[in-house]
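The following exercises concern charged side chains and how they pair. Work through each one with the sequence and the model at hand before reading its solution.

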Amino acid sequence: MEKRSLFFEPGHPNAVSTEQRAALLLEAVRAQVAFAHRHVPFWADRLQKHGLPPALDSLEEFAALPPMTKAELRLLSPWDLLPDASRSRLYLCRATSGTTGVPASFFWTRPDWQALAMTLAALLEIHRPRTLLQLVAFNGYHQGHLMGPAYDDGLRQMGATVIPRHYLADDEASTVQQIETFGCNTLVLAQRSGLKKSGKTVEDLLRHEPQLFRRHGIRWWIGSSSTFTPELRERACGQGATVTNLYGSSEFGTLGIACREHPEEFHLALGHVYVEIVDARGRPVMAGRRGRVVITRLLGHDQQRGAVPQAGSQLLRLDNGDEALLVDTACTCGLTTPRIRDIGRGGAAGAGF
């Protein structure tokens, strides 16, 4: 169990070999399935129905569990996916946006949330500008959205000072004023206008102030929810900023980070989730093939015990509604994790992430 904390170390995609990573992943999936089988009657019934034993022998065996669809998920009460013993130690509840159906709500315990924050910090460290020693980050995401507090805690893991968007700063001038007041050198904000997860977006701010990044000394732009357009990415880079785009969904948080050298591709996250790309039968596709994005909540991180099974809402092989192309050739950036590209989002607002 102790070794699985390697997933959360800074630079973690290269912290272990491919073989070690596969063994750690199997150990984590096996522990999570056993936990769900013991503590959640819904999963005990579903796993038994599809012939999965409490103790898995392989990831191939896990792939025999049919993915859960969003339609199936919405028929359940949020409590159906939660161990009874976890109710007294829940830390956070967040819901999807409901852009593609009725909103669904999910719970995290503190160790679950810690694992998400640590994984996010490890991914962001890969992109962190090396000359940016002290991060002062303006977080423009709503704190009521999953990624508002997730960005706060992930950046704090990196030693950053985080300035949350003021709840009344819904226009361009007040947003820029807050960035200027605190001397923020890092901007955490979505690209696209019209998203409910943040106040004003990067598109909005650049229309208001075309030299935003250069004029205010913003050296790093972090965002999520859609593939950043080459035009806007080049505008930010041309003003001296490093650009980091993340992929994820509201049920899980961060699922991947755009490659530094090939920003149209996303290196998959390891730690709090296990991401699969599967065919119509729910089986993992071969590299170079397109399929559905299926995710399992995997690990929490306890301060005393290290890596532990997630104890909040149990999500095993949920189809998040997206599609992607799986890539596993060697990447010139040096990272060894699998990656995806050509992501087709499940809803116009990016599946609520």
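**Exercise 1.** Decide whether R215 is buried or exposed in this predicted model, and find the side chain that R215 meets in a salt bridge.

*Solution.* Begin with accessibility: the relative accessible area of R215 is 60%, and because the exposed class starts over 50%, R215 is exposed. Next, look for the partner, which is E209, with an N to O distance of 3.5 Å; this lies within the 4 Å cut-off for a salt bridge. Finally, classify E209, which has a relative accessibility of 10% and therefore counts as buried.

**Exercise 2.** Identify the salt-bridge partner of R128, and determine whether R128 is buried or exposed.

*Solution.* The side chain of R128 meets that of E125 in a salt bridge, at 3.4 Å from N to O. Turning to accessibility, R128 has a relative accessible area of 13%, so R128 is buried, given that the buried class covers values under 20%.

**Exercise 3.** Establish which strands are linked by the salt bridge between R290 and E323.

*Solution.* First confirm the pair, whose side chains meet at 3.4 Å, N to O. Then place each residue: R290 belongs to strand β11 (residues 290–297) and E323 to strand β14 (residues 318–327), so that the pair, 33 residues apart, links distant parts of the chain. As for accessibility, R290 is partly exposed at 39%, and E323 is likewise partly exposed, at 32%.

**Exercise 4.** Which residues are linked in a network of salt bridges, and how many salt bridges are counted?

*Solution.* The network links E264, E265, R339, R341 and D342, and the count comes to 19 salt bridges.

Definitions and conventions: Residues numbered from 1 in each chain as written. Predicted model: local features only at pLDDT ≥ 70, side-chain atom pairs only at ≥ 80, totals over all residues. Heavy atoms only, no water. Buried < 20%, exposed > 50% of the residue type's maximum accessible area, 1.4 Å probe, protein only. Helix = DSSP H or I, 4+ residues; strand = E, 2+ residues; numbered from the N terminus.
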